Amino acid sequence: MSRSAIELLEFDRVLEMLADRCHFSVSAERAIDLGPVSDVDQVQYLLTVTREAVDLLTDHVDFSVGGVRDIRESLERADRGSMLTPPELREVLDTLQASRNCRRSFTQINQGERSFQELAEFVDQIEEFQDLETSLGRAIGSQGEILDSASPELSSIRSRIKTAHRRLLQRLNRMVEDGRYQPALQEPIVTMRQGRYVVPVRADRKSQIPGVVQATSSSGQTMFVEPMEVVELNNEWRQLQMDEDHEIERILRYLSTQIGDHAEGISRALDAITALDIALAKARLSFDLRAVEPELELDHSPLPGGHERNLIRLREARHPLLEADEVVPIDIELGQRARILVLTGPNTGGKTVALKTVGLLTLMTQAGLFVPAADGSVMSVFDGVYADIGDEQSIEQSLSTFSSHITRIIATLQQADTDSLVLLDEIGAGTDPEEGSALARAIIDALLERGCLGMVTTHYSELKSYAYVTEGTDNASVEFDVETLQPTYRLLVGVAGQSNALEIASRLGMPAEIIDSARQLIEPESHEADQMLDEIRQRLSAAELAEEEADREREQAREAREQAEEARREAEEAKHLARQEARAEVQAELDSARKLIRRLENAAAAPPPAPAPEAKNGAKQKRKPRSDAEVARQEVQQVEDRLRKQRRKQPSPPKREEPIRVGDRVDIPSLDMTGEVLEIDPSGEQAEVLVGSFKVTQPMAMLKRRSGPIPNESRRAQISTPAAPRVDNEIHLRGKRAEEVMRELEEYIDDAAQASLPWVRIVHGKGTGTLRGIVHDILKSHPTVSRFHLADYREGGDGVTYAYFKD
């Protein structure tokens, strides 16, 4: 792998981004030194490790190797027999504890639904040192101090030191408070000189306090005297302090020896933690770059002119060092129908960025990094990546721009072969245009003979025609908007670019006569070629617009079908509800009729009333009042009339059905399911129905009674989606085949909707993005889903989708 190409493509800046995401200083140090590898199996292994790290952090965002210290130097010194200091021992203890916590946390995670086999190999190298950790924890405090519990002898010595210290101070305090000595004291205080306790005595009264002079003041007026009566106590206290120092040194040497005995195992654990942390840093970088795992192309069927085994197919690729929201994604295919891509277009249009994007994403892939591109992007593994980018004159070697380019190209031609990727910026530039163009074509011929893949950028118009007629080459261009005089940065493969110099000059105010004169000076062949290229671009633009319009029409048709289906369902439900309401109204009328009939029967059974007396003198009798029976019959007749009118309101009156009761078999038209009524609420408006193995609550008006009990053996068979009694709000689909995902996800969405969940979390992983595409297609077309979106990077990023249901 060419070191100069790695530098020119700025791969070191990507490694710096990786190092910034490491949580362990040793990992960050080693991340800077990472480089691309050329073995296909090793690249596949590195990508698998990164994929597992992405999946691990998707499910367990807080997992890390935090707390580990760089103790390599301490381990080397302990291994040589040197004594470590208490702070160094504390760092070793912190590292052992953090390593143990990391191992146990990962082990617990790895026992779940998913298995991280490659990461588990790292963790298996993290050995636990329980005895050493216990010894260090007993001896070293959180601030690096030696604890009394380090040894029984140390605890005893420190206890005696406290006793001796207390006795010494008590004796001295009594002396300074004694009236016999106070006249001789400069101050009534106890202080320390030369590590021994003394009292300040006036020089002219030294004889009044016999003792050892440990120091004098700068003026000579004060002498710091250790009174004779406390000399022995001072000696005892100082001796105990020396005993403490000796015991501490013994403890430190013992612990250092223990660490030296385990230095090799601890070093292995550090290496494993470093590898694990780098893998996690790659995952964090992929989240931040919105990167995906590239598919490695090991065997493909190229078209004539393509490469026999290497292929680069990037979809919506972005330069990783540019802001993701500002860079324009590009699509590039190299190796399928052409081995060399000739990229043309105006300056600052994005040619060099496209060149660097291809090279940088190749290096990232071969270093086990995910690439900032869309799902379905394909990369190959190259033995060598060579680049000549930029204008780097060598003053020291007295090389011109042209000479420096040619020097690098010569070195590339000497090493490039069929498994190489060559990237040449402004090929043949810096010299006479005619000779430069000829040299550029000859260099491309040489690259074609060597069978390598490559991209070259140029301003030479001759290379455009050359690429059209030469097998193995193809044109590409960066788009330029002549109206705004700004590049669009879109890459158009199969179409050569134009310089647009005359159009730009004209729009900037160049006199028209000069522009016309310039056009006449252009060779007819060049003018015709530019016209042909312009026509090709227009046709390509028209084709793209037609494709976009077709996509919009397909989307509109899909939405129209969904709306029609929704309208049909709503109409069916409204029709059913109307029928139920009509039946309820008729039932109420019938109940009223029955009450009146009972009143009629009661009236008929009652004894007749006494006859009214006749009027005297032959007077005319009053009209006999109507009986209750007659009134009841008249009311019944009125009810019947109302019932007949009600029936006439319905074109096809529904067949009278028995009321739905517990145990009845019912249809649920809105769900297209059949179930058994388990319970009806006291209001009679809601019913709980057993559908297969789960329960749903439905309005009584939405149920249709069926005759006969529901057979036990057919309950589950009647339901297309078996569901658990409890529907979780999260489903894991990683590692499943496409057909499994389609079946399981559709069943899960149906169950979740019936369980009235507001939203669900779908974990499909990042991987190649195939599963994510399947999931999103299902969610787009499912009638119960209102919207969905990818999770925030802290919650899994592109590996997790949240879906929300309609109210």
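## Burial terms and overview

A residue counts as buried when its relative accessible area is under 20%, as exposed when that area is over 50%, and as partly exposed in between. That scale comes up throughout this report, so keep it handy for what follows on this predicted model.

The protein chain has 807 residues, and 43% of them count as buried. Its secondary structure comes to 21 helices and 23 strands. Take the contacts between residues at least 6 apart in sequence: 69% of them join residues at least 24 apart.

## Salt bridges across the chain

The model holds 40 salt bridges. One of them joins the side chains of Glu293 and Arg51, with 2.8 Å from N to O. This pair links distant parts of the chain, 242 residues apart: Glu293 sits in the loop between H11 and strand E5 (295–296), while Arg51 belongs to helix H4 (residues 40–59). How do the two partners fare for burial? Glu293 has a relative accessible area of 4%, so it falls under the 20% cut-off and is buried. Arg51 comes out at 26%, which puts it between the two cut-offs, as partly exposed.

Another bridge brings together the side chains of Glu88 and Arg77, again with an N to O distance of 2.8 Å. Here Glu88 is in helix H6 and Arg77 in helix H5 (residues 72–79), so the bridge ties together parts 11 residues apart in sequence. Arg77 is buried, because its relative accessible area of 19% is under 20%.

## A bridge between two strands

Which residue does Glu730 pair with in a salt bridge? Its partner is Arg761, and the closest N and O atoms are 2.9 Å apart. Glu730 is in strand E20 (residues 730–732) and Arg761 in strand E21 (residues 759–763), so to speak two distant parts of the chain, 31 residues apart, linked by the pair.

The two ends of this bridge land in separate burial classes: Glu730 has 28% relative accessibility and counts as partly exposed, whereas Arg761, at 12%, counts as buried.

## A salt-bridge network

Some charged residues go beyond simple pairs. Asp55, Asp59, Arg114 and Arg734 are linked in a network of salt bridges. Asp55 and Asp59 fall within the residue range of helix H4, the helix that also carries Arg51.

## Helix H7 and its neighbours

Which residues of helix H7 (residues 117–124) are buried? They are Glu118, Leu119, Ala120, Phe122 and Val123. These buried residues pack against H4, H6 and H11. Two of those helices come back below as contributors to the lining of the cavity, namely H6 and H11.

## Aromatic pairs

The count of aromatic pairs is four. In one of them, Phe106 and Phe116 are tilted, with 6.3 Å from centre to centre and 50° between the planes. Phe106 is part of helix H6 and Phe116 of the loop between H6 and H7, so this pair ties together parts 10 residues apart in sequence.

Both rings sit in buried residues: Phe106 has 2% relative accessibility, and Phe116 has a relative accessible area of 2%. Phe63 joins in too, as ring pairs link Phe63, Phe106 and Phe116 into a cluster.

## The cavity

Looking for enclosed space of 30 Å³ or more turns up one cavity. Its volume is about 30 Å³. What lines it? The lining consists of Thr95, Leu96, Ser99, Glu127, Phe129, Ile266, Ala269 and Leu270.

Sorted by type, the lining residues are five nonpolar, two polar and one charged. Helix H6 (86–110) and helix H11 (263–289) each supply at least two of them. Helix H6 thus turns up in several places, because Glu88 of the bridge with Arg77 and Phe106 of the tilted pair lie in this helix as well.

## An exposed histidine

Is His246 buried or exposed? With 52% relative accessibility, His246 is over the 50% cut-off and so counts as exposed. His246 is found in helix H10 (residues 228–261). The C-alpha atoms of His246 and Leu154 are separated by 9.5 Å, though the two residues are 92 residues apart along the chain.

Definitions and conventions. Residues numbered from 1 in each chain as written. Predicted model: local features only at pLDDT ≥ 70, side-chain atom pairs only at ≥ 80, totals over all residues. Heavy atoms only, no water. 1 Å grid on protein atoms, 1.4 Å probe; cavity = no way out; pocket = protein on both sides within 12 Å on 5 of 7 lines; lining within 4 Å. Points joined across faces, edges and corners; volume = space filled by probe spheres on them. Helix = DSSP H or I, 4+ residues; strand = E, 2+ residues; numbered from the N terminus. Nonpolar A, V, L, I, M, F, W, Y, C, P; charged D, E, K, R; others polar. Salt bridge = Lys/Arg side-chain N within 4 Å of Asp/Glu carboxyl O. Buried < 20%, exposed > 50% of the residue type's maximum accessible area, 1.4 Å probe, protein only. Contact = heavy atoms within 4.5 Å. Phe/Tyr/Trp six-rings, centres within 6.5 Å; stacked < 30°, edge-to-face > 60°.
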